[in-house]
Each structure stands twice: as C-alpha cells, then as structure tokens.
Amino acid sequence: MPWTLACATDDIDEEDLIRWDHGGQTFAIYHSPDGEFFATAGLCTHENVHLCDGLVMGHLIECPKHNGQFDYRTGEAKRAPACANLKTYPVKVEGGRIFVEVA
Amino acid sequence: MIKRNYSPFGPDAQRAVESGLTAAEWYHTDVPRKVMKDLMARSDQPAIRDTIILYGCMILFAGLGIALWPSWWSAPFWLAYGVLYGSASDSRWHECGHGTAFKTPWMNTVVYEIASFMIMRNSATWRWSHARHHSETYLVGRDPEIAIMRPPELAKLVLNVFGIIDVLKFIPLILRNAISGPTVEERTFVPQSEWGKVRRVAIIYVAIYAVTILSAVAWGSLLPLLLIGLPRMYGAWHHVMTGLLQHGGLADNVIDHRLNSRTVLMNPISRFIYWNMNYHVEHHMFPMVPYHALPRLHEVMKADLPPPNRSIAEAFREMWPAIRRQMMNEDYFLRRTLPPTARPYREDFRQYVPGMMPTSAAE
Ligand code: FES
C-alpha cells in the first residue's frame, strides 16, 4: 500500500489529535506526549462517533460520546462502553510531514 | 395526541430507529478546541477532596445517629446521613460512571462501585443504560432512563420521593439478575460479554443485604438497616428533586439538548450533593467535561443556551405546571426562548416523524 501524505507534524498539538479524511474514509492522527505520531480509524467502535473531538491523555484517546477509551498506539479498547478494538495504521514522518499507510 | 409507548420493543422504539432519529447527529454549541481541551482536562484533586468530605460526613453523621439512638435526637443525623447515602450516591454513580470525576481510573471504579450499591443500581447494567441515555436522550422507547414518562403519573412521582417505586423495582430485579443474569429488556443494551458480570454484581448485592437483614433480626435492632438499605429511601428526596428537573416538562424525541434538558443554578450544598449536575445541558452536550469544570463550561456556552433557572424553587415553578398539563395532553412540552446570541434550535430533523412531538404541541 502506498504511503499517503496526511498533514504536517505541526498541524497537531502535542498530546492531541486531528481528523483526516481520505478516500471516503475518516482517520484520526495523534501526536503523543513523547513526540511520536500514530493513526487509527477516525470513528469510535462503539457508536461511530468521530474521535477527533475526544481527549488524548497520555497514550489513550477518550471518545467524546460515552467516554470509552482506546490505546491509540495499538487500537486496544481500554474502557467500556468501547469493547471492539480500533483499527490502526502505520505512520512515518519525513521532513516534518506525516504519511499514513492507508490499507 | 398519540399515546407514547416506552417499551424498547414497542412501536415508538421501532419508529425512532426506522426514521433515523436514533442515528441523527445532535446539536453542539461551538466551543474552540483549545478551550474545550482545557475544560476536559482531568484532575484527581477536586474529587479526592469531595470524597473525603462525603465519606467523612457519612461516618460522622452515622456515628452520631448510632450514639443517640434510639432517642429522637438521632433523627437529624440519620436524615443528613440518608441524603448523603441515598442522594449523593446518585451523582457519584453518575460522574464516576463517566470516568471523569477522578483522573486516576481505579478511583473512579471504587467510588462507582460503592455508589452503585448505595443507589441500588446494578453497576454492570447501569453503565450501559446510561450510555444509551446519552446517545438517545429522551427518545421514547430508546432511552431507558426517562424519569417522567408521559402522561406523568403523579402518585408514582410522589412515592419515589421516598424511593418506594425504585426500591420495589430493584428488589425483584436484583434477585432475577442474581439467578439468571440480565433480563430480556436489559439485554437490549448490555452487551453479551457483560452478562456474567451483571450476575456476579447482583450476587454480591444480595449477599450484603442478606447479611444486613440477618444482623437486624439477630440483634433485634433497626440500626443495620438504617445504615444500609433504608437510607436509599429516607434520603432519596434530594436526588429525586434534582433528577426530575433534569428533563421534566421539556421536549422528547429531539436532537438538541437545549430542548430536552434543563440547567438550574442552585445553592452550594445541593451542588455538592449533586456534583454540579445542575449544569445539565452542558453535561449532556459535552460529557467529557468533569463535574468540577461545568461552571466554567456554563460561562463559555451560556450565550447559546436558554437562560438557566435561578434556583430549584424557580425551576419547579416552571416545570410543575408543564407536568400537570402533560397529564391531560402528553404532547405538551415547554419550549424555552433562546437568547438572541444563540443559534436556533435544531428542529430541522425528524420532529415530523409520525407520532413524535408535533411542533403544534409546543406553546
Ligand atoms: S461512541 Fe465512543 S464510547 Fe460510545
């Protein structure tokens, strides 16, 4: 799968996320507190709510609707009512730009 | 006027799904991301302070109640203990259920489990019913936490001031949960992976009540029941009072929390007991914001909200006539005027679904 340019590193505050729509899909791209970047599916697995309005705490993303939580590095559901894991996508950073390998 | 059917298997529930109402996007006030991030930030300190005060007061009041028992001088201490047990537990259950009260997850879990027991809600079931209450607030047949079903039944509301209806529902339900897990209705919102937990929690609750009742019988004293169980009745009035105000007399089957929820400014003691849930529109629109940040959120949002009620009494003066009118006409609801700075109510979606909130019902 080709790497797709998503955004610039400084588009995302540290310990925050943004929404990125591409090819009819929606993604969430995260900037972790230790300066790394990650990408997951953009919708919560509980009720398809956009995660971009949620809260990043350390390596967790909390969904804005019912406070379900996921580890955005692995996609693992960490707190009910989120039970199904989030899909994750590989990310690479080159020259201040973030690329996502969209499956 | 069309009779509402609150069953999750009834025609209103079916219509809400088929019409797309349940999947509709709710109205949100615009709050800049930076401001919202600041409001959503978690902290342990306010909830640790409040929890120490709460449990400290409970121990103190119960201790004084026991020391003065059986004199009538013990009564005020039991009444104070009862409100903390039977009403403050409602808001602790609520906030810790959202996981926003404390920053540290285990602290939310511990207080949630204790509060669920005190308020007589199976902790494994109610987490899910409350998620539904947030997704589908006051959608008839879909929201399992509708406090005032229409047409309102006055007798039930009055009995519940003493927790009577809730406790009468809880006893057979917890026994059934302990024997066979969640009921058919509960299985509509509790995922199968949690059914075993529903049963385990119920068994623990039943065991604690059994020990309490046996102790009362063995000692020939009411004291064990005054401490565990009965305060859910004699101390329920405060959470019923504030709970009725949350959505009472307002619209149902809408997708704008400004139409179906009420913000009431109230005294600091009630706000402590209620953990700031008087900012109810704000909480429903942004459940990520912890209770201690809701007054700040209110300031940020208030230009987009109907003016809050200035006190509990004023809110009742607004709500009560509406509830009485709903007894005669269940389509009636209060539609509060928005300030000129607010964006209009989101009424463009689905209010014309047959049998659901005809706009002519609003006055
Ligand atoms: S929609 Fe995300 S936790 Fe419910």
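This is a short talk on a predicted model with chains A and B.

Let's start with the strands of chain A. Four strands form an open sheet there. Their order is 2-3-4-9, and the pairing is antiparallel. Which strands stand at the edges? They are strand 2, residues 16–22, and strand 9, residues 88–89. Each has a single partner strand, so one side of each is left without a neighbour in the sheet.

Now look at strands 2 and 3 of chain A. They run antiparallel, and seven bridges join them. Follow the pairs along. A:Asp16 stands opposite A:His31. A:Arg19 stands opposite A:Ala28. The two strands form a hairpin, with two residues between them. In the turn you find A:Gly23, with a positive phi of about 55°.

Chain A has another hairpin to look at. This one is built from strand 10 and strand 11. Strand 10 covers residues 91–94, and strand 11 covers residues 97–101. Four bridges join them, and they run antiparallel. A:Val93 stands opposite A:Ile98. Again, two residues lie between the strands. Here A:Gly95 takes a positive phi near 55°.

Those were glycines. What about other residues? Most residues other than glycine have a negative phi, and most peptide bonds are trans. Keep that in mind for the next four stops.

Stop one is B:Met120. Its phi is positive, about 60°, although it is not a glycine. B:Met120 lies in the loop between helix 5 and helix 6 of chain B. Buried or exposed, B:Met120? Its relative accessibility is 12%, so it counts as buried.

Stop two is B:Asn276. This residue is not a glycine either, yet its phi is positive, about 65°. Find it in the loop between helix 14, residues 268–274, and helix 15, residues 280–285, of chain B. B:Asn276 is buried, because its relative accessible area is 7%.

Stop three is a peptide bond. A:Ala80 and A:Pro81 are joined in cis, with omega about 10°. A:Pro81 sits in the loop between strand 8, residues 77–79, and strand 9 of chain A.

Stop four is in chain B. B:Arg150 and B:Pro151 are joined by a cis peptide bond, with omega about -5°. B:Pro151 is in the loop between helix 6, residues 123–135, and helix 7, residues 154–161.

Next, charges. Side chains of opposite charge can pair when their charged atoms come close. How many salt bridges are there over all chains? The count comes to 26.

Take B:Glu136. It forms a salt bridge with B:Arg142, where the closest N and O atoms are 2.5 Å apart. B:Glu136 forms a salt bridge with B:Arg132 as well, at 3.9 Å between the closest N and O atoms. Now check the burial. B:Glu136 has a relative accessible area of 5%, so it is buried. B:Arg132 is at 13% and counts as buried. B:Arg142 is at 18%, and it counts as buried too. The cut-off for buried is under 20%.

Now B:Arg258 and B:Asp256. Their side chains meet in a salt bridge, 2.8 Å from N to O. B:Arg258 is buried, with a relative accessible area of 0%. B:Asp256 is buried, with a value of 0%. Elsewhere, salt bridges that share partners make one network. It joins B:Lys3, B:Arg4, B:Arg150, B:Asp252, B:Glu330 and B:Asp331. You have met B:Arg150 already, in the cis bond with B:Pro151.

Now to the surface. A:Glu14, A:Glu15, A:Asp34 and A:Glu36 gather there in a patch of negative charge. A:Glu36 is in the loop between strand 3, residues 25–31, and strand 4, residues 37–41, of chain A. Its relative accessibility is 44%, so A:Glu36 counts as partly exposed.

Chain B has a nonpolar surface patch of about 410 Å². B:Leu60, B:Leu64, B:Leu68 and B:Trp73 make it. B:Leu64 is in helix 3, residues 45–68. With a relative accessible area of 32%, B:Leu64 is partly exposed.

Last, B:Asp30. This residue is in the loop between helix 1, residues 11–18, and helix 2, residues 33–40, of chain B. Its relative accessible area is 63%, so B:Asp30 is exposed. How far apart in space are B:Asp30 and B:Val300? C-alpha to C-alpha, they are 9.6 Å apart, with 270 residues of separation in sequence.

Key
Residues are numbered from 1 along each chain as its sequence is written. Chains are lettered from A and ligands numbered from 1 in the order in which they are written. This is a predicted model: local features need pLDDT of at least 70, side-chain atom pairs count only at pLDDT 80 or more; totals for chains, interfaces and linings use all residues. Side-chain values use heavy atoms; hydrogens and water are left out. Patches are made of residues with over 30% relative accessible area and no salt bridge: like charges are joined within 9 Å, nonpolar side chains (Val, Leu, Ile, Met, Phe, Trp, Tyr) within 5 Å. Accessible areas come from the Shrake-Rupley method with a 1.4 Å probe; for residues, only the protein chains shown count as cover. A salt bridge is a side-chain nitrogen of Lys or Arg within 4 Å of a carboxyl oxygen of Asp or Glu. Lys and Arg count as positive and Asp and Glu as negative; His and the chain ends are not counted. The place of a charge is taken as NZ of Lys, CZ of Arg, CG of Asp or CD of Glu. Buried means under 20% relative accessible area, exposed over 50%, partly exposed in between (1.4 Å probe, protein chains only). Two strands pair if DSSP finds at least two bridges between them.
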